[in-house]
Amino acid sequence: MARYFKICVALSLLFRWTVLGFSTVLQINSSAIPSYQQRKQGFKRIQAIHMASDKEEVSPINLPEPPNSSLFDSLLSLRRTFSQASAEGFGTKARNVAKTMSVGDVIVPLCGNLSQRQILANRGIYPGVEYKVCSLRVDNVPFSSMQDVPISGKGDVIAQIKPAYKLRKHLERKDWPVEVNPLKDVPLWLSKTTYEAGTLVGTLGLSVSYLVLAGIVAFFVRFAYVPSPSMQPSLNPGDVVLVTRTVWPFQPSIGDVVLFDPPVEFKNTIEASGIMQQENSRAALPGKGQQFLKRVVAKEGEYVGVKNSEPFVNLSMKNGNDVGIPPKQRFRVDIVGPYVQPDVFPVDCWNRSPEQLGKNKYFVAGDNGYRSVDSRVWGPLDGKYILGSARLVVWPLDHFGPVKEGQIFTIEK
């Protein structure tokens, strides 16, 4: 559920950013495109002209109704926006309009130098804010466009600009418009179209990046709830752990606490034991979607057995033969303790000779053997059931930290 929740959050954020980006761009040049109402009035005028010019019994022209949706306006605006923006370039290829701006244009100053940005802000020139060009002059001689200014005088042009919309109260000034030298004071001026189209492209790119990142995180990381006391004292019932997905070639290691779906052998063993019918029994078949946490004691190719309820691995055995040098043999032992009701399961669950684990098989056991039904009872765990390894306790906060190590020791005797 945690994985799907994160994906939903990512999708909602992507939708929100996309809508915000489109709503910004779709307002560009809206005044230059006839609205639906304006087009409808135009159609009516055409009908009236035809009816007035021919007073005979001629039926008026039935012109088709224009599309009754603001989406049409939006798509036209969007198309025109990107056509203009593509001509002016995006990003580092965007065209500087400092040499082509005209009176009445809406332009956006950009500056990457932090100290220079502060200087400009003190003068009322805020990077990223849209400004309207009020006037252009050289030595008090007015010009309507920078293109009309002689080449020798372009470096001396003084432009008067003011915000194209109302700013927040702390950014407003009483001396609008402010003066600026377009070529010397600000490194880059963009047209409104280019700036907002670039903003949309950047927003969509960032949204896609976050969505991809969220998908990767959702695939490799998940959270799991500890359902029982079988892993105490390492994990307590109610703890929430962060689990990293097991993917090739990263397989569970000895001592890892793995999250897995209950295998068929587990269900069959519980049903066959009759433990659920016993009075005061707390055992139960796993519910739909329920998963378990156990510690890896042995893995593929190792020889694992059980003695007095404690799992052990004979590290001196190869190909079924004991290759250790008597009297010293190496063993890996997991101290878990006996089960609370050992009589309900066959005797060989608690005492049996070492057997080699098959391909992609794991022997898992709970740290609290008193309350754990594990590989001692239902046998090796197939790797296909393993979902990942628990790495970190994230809840409750007083348990926060890495998953504690189990009591697995290597001994010689």
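1. Glu302 and Arg332 form a salt bridge, with 2.9 Å between the closest N and O atoms; the term denotes a side-chain nitrogen of Lys or Arg within 4 Å of a carboxyl oxygen of Asp or Glu. This contact joins distant parts of the chain, 30 residues apart: Glu302 lies in the loop between S10 and strand S11 (303-307), and Arg332 in strand S15 (residues 330-334). Both Glu302 and Arg332 are buried, where buried means under 20% relative accessible area, exposed over 50%, and partly exposed in between (1.4 Å probe, protein chains only).

2. On the basis of the note: this is a predicted model, in which local features need pLDDT of at least 70 and side-chain atom pairs count only at pLDDT 80 or more, while totals for chains, interfaces and linings use all residues. Residues are numbered from 1 along each chain as its sequence is written, and side-chain values use heavy atoms, with hydrogens and water left out. Helices (H or I, at least four residues) and strands (E, at least two) are DSSP runs numbered from the N terminus.

3. The structure contains nine salt bridges. Another of them pairs Asp367 with Arg295, at 2.7 Å from N to O. Here too the pair links distant parts of the chain, 72 residues apart: Asp367 is in the loop between strand S17 (361-365) and helix H7 (375-378), and Arg295 is in strand S10 (residues 292-299). Asp367 is buried, its relative accessible area being 9%, and Arg295 is likewise buried, at 2%.

4. A salt bridge also connects Asp175 and Arg173, whose closest N and O atoms are 2.9 Å apart. Asp175 is partly exposed, with a relative accessible area of 39%. Arg173 also counts as partly exposed, at 26% relative accessibility.

5. Strand S15, which carries Arg332, belongs to an open sheet of five strands in the order S16-S11-S12-S15-S21, with antiparallel pairing; two strands pair if DSSP finds at least two bridges between them. Strand S16 (352-356) and strand S21 (408-412) stand at the edges with a single partner strand each, so one side of each has no neighbour in the sheet. From one strand to the next the twist averages 25 degrees, with axes fitted as lines to C-alpha atoms (for helices over the stretch in contact) and angles running from 0 to 180 degrees between N-to-C directions.

6. Within this sheet, S11 and strand S12 (residues 310-314) run antiparallel and are joined by four bridges. Val306 stands opposite Pro311 in S12.
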